[in-house]
Amino acid sequence: MTANILRLSPAAERNKHPILEQLRQHLPAQAHVLEIASGTGQHAAWFTGQMPGWRWQPTDFQADALPSIRAWAAEASAGQVHAPLQLDVLAPAWPVEPATFDAIYCANMLHIAPWATCAALMKGASRCLAPHGVLVTYGPYLEDGVPTSPGNLAFDASLRSENAQWGIRRREDVEQEAHRAGLRLKARHAMPANNLLLVWGREP
């Protein structure tokens with residue numbers, strides 16, 4: 001029965017190794033992590049399987065994603081993964097305790113959600129992060145002065161044709177929303193397949 005619930009994202013399988021390599025640089029060995037838009041649940045299960053000191057709270061906007069998240073955690077015997085929660089980043093309050101997370105992790109959400117979710121993510125992260133916590137975002141970005149790969153240009157056009165509210169976001173626009181929420185860009189890591197991993201922390 002579990003096999004029927006498990007959803008598989010090939011992209012999540014491909015990127016889990018390089019993402020974990022960067023997360024290890026920015027998260028302590030003992031960390032409480034909130035994941036926004038957990039999707040299939042593969043990252044939650046695999047990251048905690050590799051880092052037994054990480055306690056992981058997965059969430060997703062889609063209620064039908066939660067069974068797969070639970071199933072991946074069970075399949076991996078990842079006891080550090082909490083029961084998934086349904087979470088809408090646009091909600092004025094999130095169903096988690098404020099100021100309690102060492103990290104918030106959000107992969108591949110901003111380009112397949114309305115632009116308003118970016119400001120909401122930054123404000124929510126500012127509320128929910130512990131004083132020295134970090135927000136980690138991963139995915140494709142456009143950047144001023146940096147040539148956009150043909151693949152990302154085609155991907156952006158495809159997203160916008162599917163939904164006018166979607167599209168690859170300009171990093172500088174994301175940075176502006178972060179600044180409004182009291183966060184600043186602490187690190188930028190170029191990742192495989194023309195993605196970026198960005199680390200945000202509180203303004204000094």
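Two strands pair if DSSP finds at least two bridges between them. Helices (H or I, at least four residues) and strands (E, at least two) are DSSP runs, numbered from the N terminus.

The model is predicted, so local features need pLDDT of at least 70 and side-chain atom pairs count only at pLDDT 80 or more, while totals for chains, interfaces and linings use all residues. Residues are numbered from 1 along each chain as its sequence is written, and side-chain values use heavy atoms, with hydrogens and water left out.

**Exercise 1. Take stock of the whole chain: how many helices and strands are there, and how does the radius of gyration compare with the globule rule?**

Step 1. Count the elements: the chain has 7 helices and 9 strands.

Step 2. Compare the radii, taken over C-alpha atoms, with the rule being 2.2 Å times the number of residues to the power 0.38. The chain comes to 16 Å, close to the 17 Å that the rule gives for 204 residues, so it is as compact as a globular protein of that length.

Step 3. Put a box around the C-alpha atoms along the principal axes, and its sides are roughly 45 × 40 × 30 Å.

Step 4. Look at burial (buried is under 20% relative accessible area, exposed over 50%, partly exposed in between, with a 1.4 Å probe and protein chains only). Of the 204 residues, 50% count as buried.

Step 5. Turn to contacts (heavy atoms within 4.5 Å). Among those between residues at least 6 apart in sequence, 73% join residues at least 24 apart.

**Exercise 2. Lay out the sheet: in which order do the strands lie, and which strands stand at the edges?**

Step 1. Read across the open sheet of 7 strands and you get β3-β2-β1-β4-β5-β9-β8, with mixed pairing.

Step 2. Find the ends: β3 (85–86) and β8 (183–191) each have a single partner strand, so one side of each is left without a neighbour in the sheet.

**Exercise 3. Work out the surroundings of β1: which strands does β1 join, and is β1 buried or exposed?**

Step 1. Start with β2 (residues 54–60), which runs parallel to β1 and is joined to it by 5 bridges. One place to check is Ala-31, whose bridge partner in β2 is Trp-54.

Step 2. Follow the chain from β1 to β2: the path goes through helix α3 (residues 42–50), and this β-α-β crossover is right-handed. That is, with the strands pointing away from the viewer, the path from the first strand over the helix to the second runs clockwise.

Step 3. Move to β4 (residues 101–107), also parallel to β1, with 4 bridges. Here Glu-35 has Tyr-105 as its bridge partner.

Step 4. Check burial: 6 of the 6 residues of β1 (residues 31–36) are buried, so the strand is largely enclosed by the rest of the structure.

Step 5. Sort these residues by face. In a regular strand the side chains alternate between the two faces of the sheet. Ala-31, Val-33 and Glu-35 are on one side of β1, with His-32, Leu-34 and Ile-36 on the other.

**Exercise 4. Describe β9: which strands pair with β9, and which helix lies across β8 and β9?**

Step 1. Take β8 first: it pairs with β9 (residues 195–202) in the antiparallel sense over 8 bridges. Within this pair, Met-191 has Asn-195 as its bridge partner, and His-189 stands opposite Leu-197.

Step 2. Take β5 (residues 129–139), which pairs antiparallel with β9 over 6 bridges. Thr-137 stands opposite Leu-198.

Step 3. Inspect the hairpin of β8 and β9, with 3 residues between the strands, where Ala-193 takes a positive phi near 60°. Asn-194, in the same loop between β8 and β9, has a phi near 60° too, and is partly exposed at 46% relative accessibility.

Step 4. Add the helix: α7 (residues 171–180) lies across β8 and β9, at about 15° to β9. Axes are lines fitted to C-alpha atoms, for helices over the stretch in contact, and angles run from 0 to 180 degrees between N-to-C directions.

Step 5. Finish with burial: 7 of the 8 residues of β9 are buried, so β9 is largely enclosed by the rest of the structure.

**Exercise 5. Place Ile-69: is Ile-69 buried or exposed, and which residues is it in contact with beyond four places in sequence?**

Step 1. Locate Ile-69 in helix α4, where the buried residues of 66–75 include Leu-66, Trp-72 and Ala-73.

Step 2. Read its relative accessible area, 1%, and Ile-69 is buried.

Step 3. List its contacts beyond four places in sequence: Ser-38, Gly-39, Thr-40, Gly-41, Pro-58, Asp-60 and Pro-84.
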